[in-house]
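Here is a quick tour for anyone meeting this structure for the first time. Have the sequence and the 3D view open, and follow along.

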Amino acid sequence: GWPLRRPPPQTGAYLWGEPGRGKTMLMDGLFSLSDAPAQRIHYHQFLRDLHRGLAQAGGEQANYLPALARRVAAQSRLFCLDEFHLHDIADAILMERFLTVLLEERVLVILTSNYAPEQLLPDPQLHRYALRVIALIQRHMQVLHLDGDRDYRYREAAAGEHYLHPCDADAEQRLRRLLQEQGRSVGPAAAVSLSGRPLSARAQSPDCVWFDFETICLGPRSHLDYLEMSERWHTVVVSDIAQAQLNKADGLRRFIWLVDVLYDRRQRLLLISEHPIETMLREATLSADTHRTLSRLAEMQSASFAAAAAIEMSPLCQ
């Protein structure tokens, strides 16, 4: 005679774990096999498209987010969001509202992350702002922990030099020869614009751009700049990377964003640093994000990564 309590329907999956355990591979496999309309997008691009839409909505911002989510639901029955994380209060609130609509519309949502749901927005002073989106994930998604011992991004040895050290004239000459061997031209120093703001490039050409670390990672830059870079140039060079700069929270965070964006689009990254970049990152503040960057930098040196075609970005909603 007791009433049966039916659990809420699970309409998605949350794949989390250490870097290189196969989260994105599994998500991409499901995406490629889907017969239903599907969309795959990286978290940085998702936030860019979302904030651009909000800015353009003007006085209609309150209605914009649910309307956008319903348009996405109408176009996609499978929605894959790669490298999900929360480090910002506003993004936590926006994500909770957006995912609520998708799940109500019974869209199959797949999220990948280096963080367990309860570890999202890990700053103890801000964590309470993530509790609603955490509850949403735990209630409606199957949480799967990929906890294998092996990071598969290290399975291939490096195919040639990509990350040079120390920062001197010899390293710069070696890098220029490397670019020539790859068929990349290097033009003269020039002023370029990213997100509508000017900055100086050490060199640039139609397919390659070269910045000093201070210019591209210590100034007023964001993941929006790196997304634009990945759309304009096939190869990015960052030089003069010093340990003291990576030890700065802002510099390290922006460098992580840069690697994330270029890795996701399968673009090339060449570095000149004070010491081996792997050693420098391990001496900086270690976190889930830093471990992911080390893992991705390892794969970005492989022959298979070099042979991969660049991935085009599709907008969040047509």
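## A hairpin to start with

In which sense do strand E7 and strand E8 pair, and over how many bridges? Strand E7 covers residues 190–194 and strand E8 covers residues 197–201, and they pair in the antiparallel sense over five bridges. Before going further, bear in mind that this is a predicted model.

E7 and E8 make a hairpin, with two residues between them. Serine 195 sits in that turn and has a positive phi of about 55°. If you want a landmark across the pairing, try valine 192, which stands opposite leucine 199 in E8.

## The five-stranded sheet

Now look for an open sheet of five strands, in the order E6-E12-E11-E10-E9, with mixed pairing. Its edge strands are E6 (163–164) and E9 (203–205), each of which pairs on one side only. As a general point, side chains in a regular strand alternate between the two faces of the sheet.

At the E9 edge, the partner is strand E10 (residues 208–212): the two pair in the antiparallel sense over three bridges. Here serine 205 stands opposite cysteine 208 in E10.

## Two nonpolar cores

Which residues touch the most other members of the largest nonpolar core? They are Phe46, Phe79, Phe84 and Leu86, out of 41 residues in that core. Quite a few elements chip in with at least two residues each: strand E1 (12–17), helix H2 (43–57), helix H3 (61–75), strand E3 (78–82), H4, strand E4 (108–113) and helix H5 (131–140). H4 gives the largest share, eight residues.

There is also a second, separate core of 37 residues, and Val192, Leu194, Trp257 and Ile277 are among them. You have already met valine 192, the residue opposite leucine 199 in the hairpin.

Back to phenylalanine 79. Setting aside neighbours within four places in sequence, its contacts include Gln39, Ile41, Phe46, Val72, Phe98 and Leu316.

## Rings meeting rings

How many aromatic pairs does a search of the whole structure find? The count is eight. Take tyrosine 43 and phenylalanine 84: their ring centres are 5.4 Å apart and their planes are at 75°, so the pair is edge-to-face. Tyrosine 43 lies in helix H2 and phenylalanine 84 in the loop between E3 and H4, so this pair ties together parts that are 41 residues apart in sequence. Both tyrosine 43 and phenylalanine 84 are buried, and they belong to one aromatic cluster with Tyr14, Phe46, Phe79 and Phe98.

Tyrosine 263 and phenylalanine 305 give you another arrangement to look at. Their ring centres are 5.7 Å apart with planes at 25°, so the pair is stacked. Tyrosine 263 is in helix H10 (residues 249–265) and phenylalanine 305 is in helix H13 (residues 303–307), so this pair links parts 42 residues apart in sequence. Tyrosine 263 and phenylalanine 305 are buried as well. The ring of tyrosine 263 has a further visitor: the charged end of arginine 266 sits over it, 4.7 Å from its centre.

## Polar residues tucked inside

Is glutamine 39 buried or exposed? With a relative accessible area of 8%, it is buried, because the cut-off for buried is under 20%. Glutamine 39 is found in strand E2 (residues 38–42). Not counting residues up to four places away in sequence, glutamine 39 touches Phe31, Val72, Ser76, Leu78, Phe79, Cys80, Ser314, Pro315 and Leu316.

Glutamate 96 is another one to check. It sits in helix H4 (residues 89–104) and is buried, with a relative accessible area of 15%. Leaving out neighbours within four places in sequence, glutamate 96 is in contact with Arg132, Val133 and Leu136.

## A covered helix and a long span

Helix H8 (residues 223–232) is mostly covered, with seven of its ten residues buried. Those are His223, Asp225, Tyr226, Leu227, Glu228, Met229 and Ser230.

For a sense of scale, find alanine 36 in the loop between helix H1 (23–33) and E2. At 35% relative accessibility, alanine 36 counts as partly exposed. The C-alpha atoms of alanine 36 and histidine 275 are separated by 48 Å, and the two residues are 239 residues apart along the chain.

Key:
Residues are numbered from 1 along each chain as its sequence is written. This is a predicted model: local features need pLDDT of at least 70, side-chain atom pairs count only at pLDDT 80 or more; totals for chains, interfaces and linings use all residues. Side-chain values use heavy atoms; hydrogens and water are left out. Two strands pair if DSSP finds at least two bridges between them. Helices (H or I, at least four residues) and strands (E, at least two) are DSSP runs, numbered from the N terminus. Buried means under 20% relative accessible area, exposed over 50%, partly exposed in between (1.4 Å probe, protein chains only). Contact means heavy atoms within 4.5 Å. A nonpolar core is a set of buried Ala, Val, Leu, Ile, Met, Phe, Trp, Tyr and Cys residues joined through side-chain atoms within 4.5 Å. Rings of Phe, Tyr and Trp (its six-membered ring) pair if their centres lie within 6.5 Å; planes under 30 degrees apart count as stacked, over 60 as edge-to-face and the rest as tilted. A charge sits over a ring if NZ of Lys or CZ of Arg is within 6 Å of the ring centre and within 35 degrees of the ring normal.
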